[in-house]
Amino acid sequence: MATTPEKREFVVLGIETSCDETAAALVRREANGKGVLLANVVRSQLALHAEFGGVVPEIAARAHVELLDRLIAEALAESRLGWDEIDGVAATAGPGLIGGLIVGVTTAKAIALARGLPFVAVNHLEAHALTPGLTHGLPFPYLLLLVSGGHTQLLIVKEVGSYTRLGTTLDDALGEAFDKAAKLLGLGFPGGPAVEECAKRGRATIALPRPMLGRPEPHFSLAGLKTALRHEAMKREPLGAQDVADLCASFQEAAAEMVSDRTRRAMELYLEQLGPDAQKALVVAGGVAANQRIRAALATVAAENGFALVLPPPELCTDNAAMVAWAGAERLARLLVDDLAAPSRARWPLDPGAAPAIGAGVKA
Ligand code: KG4
Ligand code: ZN
């Protein structure tokens with residue numbers, strides 16, 4: 001398999017259906033490796049899932065079926081390109097909710113077959129990991145902190161297809177913990193923005209644990225923090241508005257401190273593994289990267305350790321198809337193409353060689 005990037009331009013259609021966003025996008029990868037975003041269409045299904053307090057897989061899959069064709073047509077119209085100008089089709093093939101993945105992958109394969117185009121099965125985590133190549137032209141290697149509703153990982157991104165997982169979560173994802181905190185405190189879904197907003201009126205004076213702090217491996221654990229929050233909330237019932245604000249502020253502070261500590265440790269491991277002359281760049285992606293307190297904490301850690309902090313714009317940090325199209329283009333340029341028998345995969349670790357985190361549950 002060739003690994004040297006091909007010196008020609010590609011336009012790639014990307015499709016994302018792994019969770020509750022239906023998305024289609026087009027990017028051009030220029031011969032010099034630079035990326036240009038040509039169209040980016042995302043429909044969140046938030047309203048369909050809100051009353052259940054979380055994503056319902058069957059509802060999500062059905063909504064993807066209903067929306068996807070239209071969104072692809074919208075993306076094409078936005079790019080002002082015709083089908084003849086497209087060089088490849090990429091779809092998220094995992095990890096994610098299997099029903100939705102099958103919708104996106106089958107659509108992409110059908111297009112590839114009908115148009116005689118190469119198909120690329122994209123790992124959703126790889127798509128997040130490669131985004132700074134599109135947004136900032138950032139060269140490899142770099143350290144990635146991915147914090148969303150479904151993932152909490154610290155990864156060394158060495159090259160396309162070459163990742164070392166330094167840390168993962170033993171239980172809940174960080175965004176999921178924010179969502180559960182919000183639900184517990186009656187703040188609605190998705191919880192992250194609601195907790196952040198409410199925390200502005202609170203004092204971070206309630207003692208909550210910071211699980212895993214100071215551990216040599218930069219793993220995360222959120223279950224203990226969530227339980228402690230429940231206990232502190234129960235102690236204060238009936239909860240007044242100030243109690244809720246104080247609980248939010250204290251929870252957010254614990255989360256920020258945990259993220260700082262784990263990222264600091266990952267920076268040490270990054271330099272140990274790649275050597276002191278490796279590019280010092282920390283990329284943060286995922287919905288939780290929108291949190292101002294967590295951003296500020298990461299900016300401090302980055303500055304203290306001489307790392308540049310690279311934050312893709314929020315719409316490319318959360319789930320989208322531009323990152324999928326870009327990952328597809330990066331793979332296509334290296335002749336990393338899949339055949340039409342490539343499966344959809346509910347689980348698909350980026351670093352299959354990573355030792356299982358001790359105590360980890362299904363999300364590790
Ligand atoms: O990346 P994303 O849009 O979707 C995936 O989960 O893949 O991330 C959504 C998650 C939700 O759990 C949401 O509560 C969290 O990101 N989130 C936040 C904030 N905005 C979104 N968490 C904390 N503070 C925020 N401002
Ligand atoms: Zn994601």
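**Exercise 1. Overall size**

Task: Work out which radius of gyration a compact globule of 364 residues would have, and how the protein compares with that value.

Solution: Start with the rule for globules. For 364 residues, it gives a radius of gyration near 21 Å. Next, take the value for the protein, which is 20 Å and agrees with the rule. Keep in mind that this is a predicted model. To add some dimensions, the C-alpha trace spans about 65 × 50 × 35 Å along its principal axes. Now look inside: buried residues make up 53% of the 364 residues. Finally, consider the contacts with a separation of 6 or more: 75% of these come from residues 24 or more positions apart. The protein has eleven helices and ten strands, and the next exercise picks out one of the strands.

**Exercise 2. Strand β9 and its neighbours**

Task: Find out how many of the five residues of strand β9 (residues 281-285) are buried, and which strands pair with β9.

Solution: Begin with the directions of the side chains. In a regular strand, side chains alternate between the two faces of the sheet. In β9, Ala-281, Val-283 and Ala-285 point one way, while Leu-282 and Val-284 point the other way. Now check burial: five of the five residues are buried, so β9 is largely enclosed by the rest of the structure.

Then turn to the partners. Strand β6 (residues 142-147) pairs with β9 in the parallel sense over four bridges, and here Leu-145 stands opposite Val-284. Strand β10 (residues 308-310) also pairs with β9 in the parallel sense, over three bridges; in this pair Leu-282 stands opposite Leu-309. One last step concerns the connection: β9, helix α9 (residues 292-304) and β10 make a right-handed β-α-β unit.

**Exercise 3. The zinc ion**

Task: Identify which residues coordinate the zinc ion (ligand 2), and explain why His-124 and Asp-319 tie together distant parts of the sequence.

Solution: First list the donors. His-124 and His-128 each offer NE2 and Asp-319 offers OD, at 2.1 to 2.2 Å from the zinc ion. Next, read their spacing in sequence, which is H-x3-H-x190-D. His-124 lies in helix α4 (residues 124-135) and Asp-319 in the loop between α10 (314-317) and α11 (322-333), so this pair ties together parts that are 195 residues apart in sequence. Both His-124 and Asp-319 are buried.

**Exercise 4. Salt bridges, inside and out**

Task: The structure holds 21 salt bridges. For three of them, decide whether each partner is buried or partly exposed.

Solution: For this you need the cut-off: buried means under 20% relative accessible area, and partly exposed runs from there up to 50%.

- Lys-180 and Asp-172 meet at 3.1 Å, N to O. Lys-180 has 32% and is partly exposed, whereas Asp-172 has 6% and counts as buried.
- Asp-246 and Arg-203 meet at 2.6 Å, N to O. This pair links distant parts of the chain, with Asp-246 in helix α8 (residues 241-274) and Arg-203 in the loop between α6 (191-199) and α7 (223-235), 43 residues apart. Asp-246 is buried at 7%, but Arg-203 is partly exposed at 47%.
- Asp-261 and Arg-262 meet at 2.9 Å, N to O. Asp-261 is buried at 16%, and Arg-262 is buried at 1%.

Well done! As a last step, look for shared partners: salt bridges of this kind join Arg-29, Glu-159, Glu-330 and Arg-334 into one network.

Note on methods
Residues numbered from 1 in each chain as written. Chains lettered and ligands numbered in written order. Predicted model: local features only at pLDDT ≥ 70, side-chain atom pairs only at ≥ 80, totals over all residues. Heavy atoms only, no water. Buried < 20%, exposed > 50% of the residue type's maximum accessible area, 1.4 Å probe, protein only. Helix = DSSP H or I, 4+ residues; strand = E, 2+ residues; numbered from the N terminus. Pairing = 2+ DSSP bridges. Right-handed = clockwise from strand over helix to strand, strands pointing away. Donors = N, O, S within 2.8 Å, 3.2 Å for Na, K, Ca; no water. Salt bridge = Lys/Arg side-chain N within 4 Å of Asp/Glu carboxyl O. Rg over C-alpha atoms; globule rule 2.2 N^0.38 Å. Contact = heavy atoms within 4.5 Å.
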